[in-house]
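Open your viewer and get the selection tool ready. We will go from stop to stop, and at each one you will hear what to pick and what to look for.

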Amino acid sequence: MREPGAPHVSVLLDEVVGALASGPGDLVIDGTFGAGGYTRAILATGASVTAFDRDPSVQRFAVEFSAADGRFRLIQDRFSQITEYFEDASVDGVTLDLGVSSMQLDEAERGFSFMRDGPLDMRMGADGPSAADLVNELDHTELARILYVYGEEHASRRIASFIIKRREERPFTRTLDLAHVIERALGGRKGAKVHPATRSFQGLRIAVNAELDELEAGLAAAERVLKPGGRLAVVTFHSLEDRIVKNFLAERAGRTPGGSRHLPPVEAGAPSSFQLISSKAIAPGEAELAVNPRARSSKLRAAVRTTAPVWSAA
């Protein structure tokens, strides 16, 4: 098991590199740079990498990459903004590793962890409202909605009631304080393997960072910038993310009539824009799980860009 403070381990690394199938002369976008695990492996194939990350703390890793390899550059921005930097059909691969990284969880001052005390922040970037702002200011209905929809927490109303009652005494500012209140709301751990605050912290983090909107916009942007024959590889960690990726690729492969709010609808009978590399999500093997338990919930979905889609004017 990876100890706190140990280097971040990129999940499904070999599978992602295999799905991208990059080589010398290719240009690949690593949309979630982090500590650079995927970038390092992609550079080793001979490809160039432009990485995106809104987290300012990744600069320390990017400096090392830039000094060692002229084929690398980092853009400090959200991956949904890649169309602001690249023309349509101009890159050979895009990869995304979604959610919060173990590196961020290990840094208590970032406020992502319910196991380490730190400021109740949870922002991946440096702007916008923090998790403390949400739990201290939202009304009961909206707070419960966030915990239920984004955290998939069925006891969301009860937890919201406990939070609001406690904040009347004093505002929440620390992660462990909030985690303890959630634990009391749910009646303690009672031997559960999963901490009672897991789902609530997930819901708050997703809301703070608008992660699902970012994902939908990022998938649409990836479709725009990939060349025919270019490849998309996305690693998800929970059902909300995975459902969005699965539905997007299924629709773009011509398997469902759905749509994305970030793109105009595809005309009936229009050629598909992606071909799935695997009809099912790719899961980590036992060997990887033995050394990196964080990979247990991860799934890889990948596809090859085919012809450009035809969008209706509606």
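With which residue does Glu251 form a salt bridge, and how far apart are the closest N and O atoms? Select Glu251 together with Arg252: these two form the salt bridge, and their closest N and O atoms are 3.0 Å apart. A salt bridge here is a side-chain nitrogen of Lys or Arg within 4 Å of a carboxyl oxygen of Asp or Glu.

Before moving on, a word on what you are viewing: this is a predicted model, in which local features need pLDDT of at least 70 and side-chain atom pairs count only at pLDDT 80 or more, while totals for chains, interfaces and linings use all residues. Residues are numbered from 1 along each chain as its sequence is written, and side-chain values use heavy atoms, with hydrogens and water left out.

Stay where you are and add Glu223 to the selection: Glu223, Glu251 and Arg252 are linked in a network of salt bridges. Both Glu251 and Arg252 are buried (buried means under 20% relative accessible area, exposed over 50%, and partly exposed in between, with a 1.4 Å probe and protein chains only).

**Zoom out**

Now show the whole chain as a cartoon. It has 12 helices and seven strands; helices (H or I, at least four residues) and strands (E, at least two) are DSSP runs, numbered from the N terminus. Of the 314 residues in the chain, 52% are buried. The salt bridges come to 12.

**A bridge between strands**

For another of these, select Lys227 and Asp92, whose side chains meet in a salt bridge (3.4 Å, N to O). This pair links distant parts of the chain: Lys227 is in strand E5 (residues 226–236) and Asp92 in strand E4 (residues 91–97), 135 residues apart. Lys227 counts as partly exposed because its relative accessibility is 31%, whereas Asp92, at 17%, counts as buried.

**Strands E2 and E3**

Next, select residues 48–52 and 72–75. These are strands E2 and E3, which pair in the parallel sense over four bridges (two strands pair if DSSP finds at least two bridges between them). Within the pair, Val49 stands opposite Phe72 in E3. Add helix H3 (residues 59–68) and you have a right-handed β-α-β unit made of E2, H3 and E3. To check the hand, point the strands away from you: in a right-handed crossover, the path from the first strand over the helix to the second runs clockwise.

**Helix H6 and its surroundings**

Move to residues 140–149, helix H6. At its N-terminal end, Asp139 acts as a cap, with a side-chain oxygen 3.3 Å from the backbone nitrogen of Thr141. Then pick Glu142 and Arg145, whose side chains meet in a salt bridge (2.8 Å, N to O). They are separated by about one helical turn because they are three residues apart in H6. Glu142 is partly exposed, with a relative accessible area of 27%, and Arg145 is partly exposed too, at 34%.

Which residues of H6 are buried? Colour Leu143, Ala144, Ile146 and Leu147. They cover an arc of only 155° around the axis, so they lie on the same side of H6; the arc is that of the directions from the helix axis to the C-beta atoms. These buried residues pack against helices H5 (131–137), H7 (156–167) and H9 (198–209).

For the last stop, select Ser200 in helix H9. Ser200 counts as buried because its relative accessibility is 0%. Leaving out residues up to four places away in sequence, Ser200 touches Leu147, Glu153, Ile159 and Ile182, where contact means heavy atoms within 4.5 Å.

Notes:
A polar contact is a pair of N or O atoms within 3.5 Å; within protein, one must be able to donate a hydrogen and the other to accept it, and residues adjacent in sequence count only if both atoms are side-chain atoms.
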